[in-house]
Amino acid sequence: MTQPVPVTASSLVRVDFHTFELTDSHQRAPVGFDPSNGLVFSRPGMVVICTGISTGWVHVRVRVCRLPPTRLERGAWEEIVDNSVETTTGVLRVTSVMSDALDCPC
């Protein structure tokens with residue numbers, strides 16, 4: 001059985017307050033959220049990704065797979081977190097905290 005090819009998208013994303021989001025609605029992260037692992041906070045329909053920069057642009061690449069990856073591509077990353085996301089609509093979009101959603105569906 002052949003495994004389906006993962007869906008990949010990439011774009012520049014605006015970072016504000018050290019974060020950007022994956023969201024399936026217009027909801028925003030709650031004030032005072034706690035990324036207990038230091039990098040990601042999530043709840044159904046939303047993921048907040050914490051960055052090393054406070055404000056600016058980052059290049060984001062999203063890869064959607066039906067199954068967990070079989071190998072880890074560490075590259076130059078110092079920290080890597082495995083996080084599952086439950087979508088309430090079936091579509092997630094990369095969004096900036098202070099602006100509208102990009103055309104980068106996941």
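Leu72 is exposed in this predicted model. Its relative accessible area is 57%, and the cut-off for an exposed residue is over 50%. Leu72 sits in the loop between β5 (56-64) and β6 (93-96). Together with Trp77 and Ile80, Leu72 makes a nonpolar surface patch. The patch covers about 360 Å².

Thr23 presents the opposite case. This residue has a relative accessible area of 4% and is therefore buried, since buried means under 20%. Thr23 belongs to strand β2, which spans residues 19-23. A polar atom of the Thr23 side chain lies 3.4 Å from the backbone oxygen of Gly45. Gly45 also appears among the contacts of Thr23 once neighbours within four places in sequence are left aside. The other residues in contact with Thr23 on that basis are Met46, Val91, Leu92, Arg93 and Thr95.

Charged side chains were examined next. A search of the whole structure finds one salt bridge. Asp16 and Arg14 form this pair. Their closest N and O atoms are 3.4 Å apart. The pair counts as a salt bridge because the cut-off is 4 Å. The two partners fall into separate accessibility classes. Asp16 is buried, at 9% relative accessibility. Arg14 has a relative accessible area of 26% and is partly exposed. The value for Arg14 lies in between the limits of 20% and 50%, so neither the buried nor the exposed class applies.

Methods
Residues are numbered from 1 along each chain as its sequence is written. This is a predicted model: local features need pLDDT of at least 70, side-chain atom pairs count only at pLDDT 80 or more; totals for chains, interfaces and linings use all residues. Side-chain values use heavy atoms; hydrogens and water are left out. Buried means under 20% relative accessible area, exposed over 50%, partly exposed in between (1.4 Å probe, protein chains only). Helices (H or I, at least four residues) and strands (E, at least two) are DSSP runs, numbered from the N terminus. A polar contact is a pair of N or O atoms within 3.5 Å; within protein, one must be able to donate a hydrogen and the other to accept it, and residues adjacent in sequence count only if both atoms are side-chain atoms. Contact means heavy atoms within 4.5 Å. Patches are made of residues with over 30% relative accessible area and no salt bridge: like charges are joined within 9 Å, nonpolar side chains (Val, Leu, Ile, Met, Phe, Trp, Tyr) within 5 Å. Accessible areas come from the Shrake-Rupley method with a 1.4 Å probe; for residues, only the protein chains shown count as cover.
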